[in-house]
Amino acid sequence: MNLKREFFVRKQNFRQFHRHVLRAGVAALAAAGLGGCALGPDFKTPAAPAAAGDSYTPAPLAGRTAASPGAAGGAQQFAMGQDIPAQWWAVFRSPALDQLIRGALEQNPSMAAAEAALRQAQESYNAEAGSLVYPSVNGQLGMARQKTSAAGGDKGGVFNLYNASVNVAYTPDVFGATRRTLEGARAQVDYQRFQVEATYLALSANVVTTAIREASLRAQLKATQEVLDALNKQMGVIDKQFEFGAVPRNTLLTQRNQVAQIAATLPPLEKALAQSRHQLSVLAGKLPGEAGMPEFALESLTLPDSLPVSLPSALVRQRPDIRASEELLHAASAQIGVATAAQYPQFTLSGSYGSSSQTFSKLFDAETTAWNLAAGLTAPLFNGGALSARRRAAEAAYDVAAAQYRSTVLAAFQNVADSLRALDSDAAALKAQAEAESLAAESLALATQQYKLGGISYLVLLDAQRSYQQAHVALVQAQAARYADTAALFQALGGGWWNRSGGVPAATAVSAATPYGGAGSAK
């Protein structure tokens, strides 16, 4: 038999006993480790606050907001218990806004970073599960050549040594350290999953509110420019009156000063508008100088007349930040189990099967084989109270996470309450502001007519102009506030991610099968 053929035969023999040892070792060792228990507390999902009741605010809100004439003046009805659509921004009925949000979700780097962090957490869990749950099996094949000295009276010479072995080692999870470790790792995966949802919600809400801000600034610019145009026309009249000596120079200077003051408000508005445009580009994952960004105006947006409002008892299951905080609490609970299991003995099982020979041809002969099986137990006897201290530290960390969870819940309920009150108050404010703007416009028209007839002084006309300019811009701001309040409510309620299907990561439990048959707590 030539050397190549001999090597092939030996290789096949090696594979056979490798499979034999692997099957026997994995079956025996894995079976030994699955019968243990998991120490430490079993995590339970926190219940919704009992005091939440059916209302987010101390005094129940009216079923509808106030209505007012003009743009964005329609009454909005609060639909308690109604579900939130996944693409909640569609209520504004703006194709340009919908297209911009879709592009932002695909290209924004914050979204890409959140999804990458989720993939990292999933792979970290897989790596930890692979190293902790299953026995480690290593194969070894080696050859050594050495020359021994004859100085001791023995014959010296050159020797070859061939060896091949399979080594199996396993740590049975008798007291649940592995289970709790993986439970915590699964909670970290779910935490990152809800972080993806939180980023998704924040990004879509930021795009909507920035687009509304752009539309508001554009409307304020338009309103200010209209007032400025009217003042310029009035100044043309006063210029002619001054030329004919009908008015003193003081009147002309006062008018010019008024025009200059109004004109001075335009650059800040233009600056804010440009900055809003830049922010929209960055949110969409584009450079501010790139073309193709849509422009938004209040007239292009529709104010929804019905607003879904989730029940307070459902809010804690809908808000991504609350669910993410809950998973951190879950991970902290699992760490108590890990610290508790560390106070108990640890068992180790190991085994090996191999062969060692001075000639390659006898490497797998019966007389050259060797094997061993070993079991060990390591129990903490004295450690200066370190293990107990670690458990107490884990319990304190759980208390920290619990307090942070409660803080997140309180902040979420405050967000919803603030949004509901803002919707109600800003609707009433718009109604009052629309009436004020209408009266100011009527007063300005009357003052202008009276001034032309000489019935009032120019100072009275100037006051009427200032009042109308302020009321007109305030009306635009009040109109934009209603759109912004609507977006804030959808964001405060969680954004409807649970109704989304396909295309975007959904915040659900770990989908991959786990080594212990579930994604929940170890029991």
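Helix α4 has 67 residues, and at 1.5 Å a residue these should span 99 Å. The end C-alpha atoms of α4 are 95 Å apart, which agrees with that expectation. Just after α4, G245 takes a positive phi of about 80 degrees. These values come from a predicted model.

The whole chain gives the setting for this helix. The secondary structure comes to 10 helices and 6 strands. The protein chain has 523 residues, and 41% of them count as buried. Its accessible surface comes to about 26,700 Å². Carbon and sulfur atoms account for 56% of that surface. Contacts between residues at least 6 apart in sequence were also examined. Of these contacts, 84% join residues at least 24 apart.

Helix α3 covers residues 109-133. Its 25 residues should span 36 Å at 1.5 Å a residue. The end C-alpha atoms of α3 are 36 Å apart, in agreement with the expected span. At the N-terminal end, α3 is capped by N108. A side-chain oxygen of N108 lies 2.8 Å from the backbone nitrogen of S110. The buried residues of α3 are M111, A114, L118, A121, Y125, A129 and V133. An α-helix has 3.6 residues a turn, so residues three or four places apart point the same way. The cover over the buried residues of α3 includes α2 (95-107), β3 (157-170) and α4 (177-243).

Helix packing was examined next. Two packed helices are described by the angle between their axes and the distance between the axes. Helix α5 (residues 249-264) packs with helix α6 (residues 266-283) at an angle of about 10 degrees. The axes of α5 and α6 are 4 Å apart. That angle makes α5 roughly parallel to α6. On the α5 side, I262, A263 and A264 make the contact. On the α6 side, the contact is made by L266, P267 and P268.

Helix α5 also packs with helix α10 (residues 458-492). The angle is about 10 degrees, and the axes are 11 Å apart. Helices α5 and α10 are therefore roughly parallel to each other. From α5, the contact involves T251, T254, Q255, Q258 and I262. From α10, it involves Y458, L462, Q465, R466 and Q469. I262 of α5 thus appears in the contact with α6 and in the contact with α10.

Three residues in loops were placed between α1 (3-33) and α2 (95-107) along the chain. P58 is found in the loop between α1 and β1. With 88% relative accessibility, P58 counts as exposed. The C-alpha atoms of P58 and A417 are separated by 9.2 Å. Along the chain, P58 and A417 are 359 residues apart. A72 lies in the loop between α1 (3-33) and β1 (77-80). The relative accessible area of A72 is 9%, and the residue is buried because buried means under 20%. Phi of A72 is near 60 degrees, a positive value in a residue other than glycine. R93 lies in the loop between β1 and α2. R93 has a positive phi of about 55 degrees, although it is not a glycine. At 64% relative accessibility, R93 counts as exposed, because exposed means over 50%.

Two further residues lie in regular secondary structure. S325 is found in helix α8 (residues 320-341). Its relative accessibility is 10%, and S325 counts as buried. Neighbours within four places in sequence were left aside for the contacts of S325. S325 is then in contact with Q404, Y405 and T408. Q346 has its place in strand β5 (residues 346-357). With a relative accessible area of 45%, Q346 is partly exposed. Leaving aside neighbours within four places in sequence, Q346 is in contact with T171, G376, L377 and T378. The C-alpha atoms of Q346 and P380 are separated by 8.9 Å. Q346 and P380 are 34 residues apart along the chain.

Notes. Residues are numbered from 1 along each chain as its sequence is written. This is a predicted model: local features need pLDDT of at least 70, side-chain atom pairs count only at pLDDT 80 or more; totals for chains, interfaces and linings use all residues. Side-chain values use heavy atoms; hydrogens and water are left out. Helices (H or I, at least four residues) and strands (E, at least two) are DSSP runs, numbered from the N terminus. The expected span of a helix is 1.5 Å times one less than its number of residues. Buried means under 20% relative accessible area, exposed over 50%, partly exposed in between (1.4 Å probe, protein chains only). Contact means heavy atoms within 4.5 Å. A polar contact is a pair of N or O atoms within 3.5 Å; within protein, one must be able to donate a hydrogen and the other to accept it, and residues adjacent in sequence count only if both atoms are side-chain atoms. Accessible areas come from the Shrake-Rupley method with a 1.4 Å probe; for residues, only the protein chains shown count as cover. Axes are lines fitted to C-alpha atoms, for helices over the stretch in contact, and angles run from 0 to 180 degrees between N-to-C directions. Angles under 35 degrees count as roughly parallel, over 145 as roughly antiparallel, 65 to 115 as roughly perpendicular and the rest as oblique.
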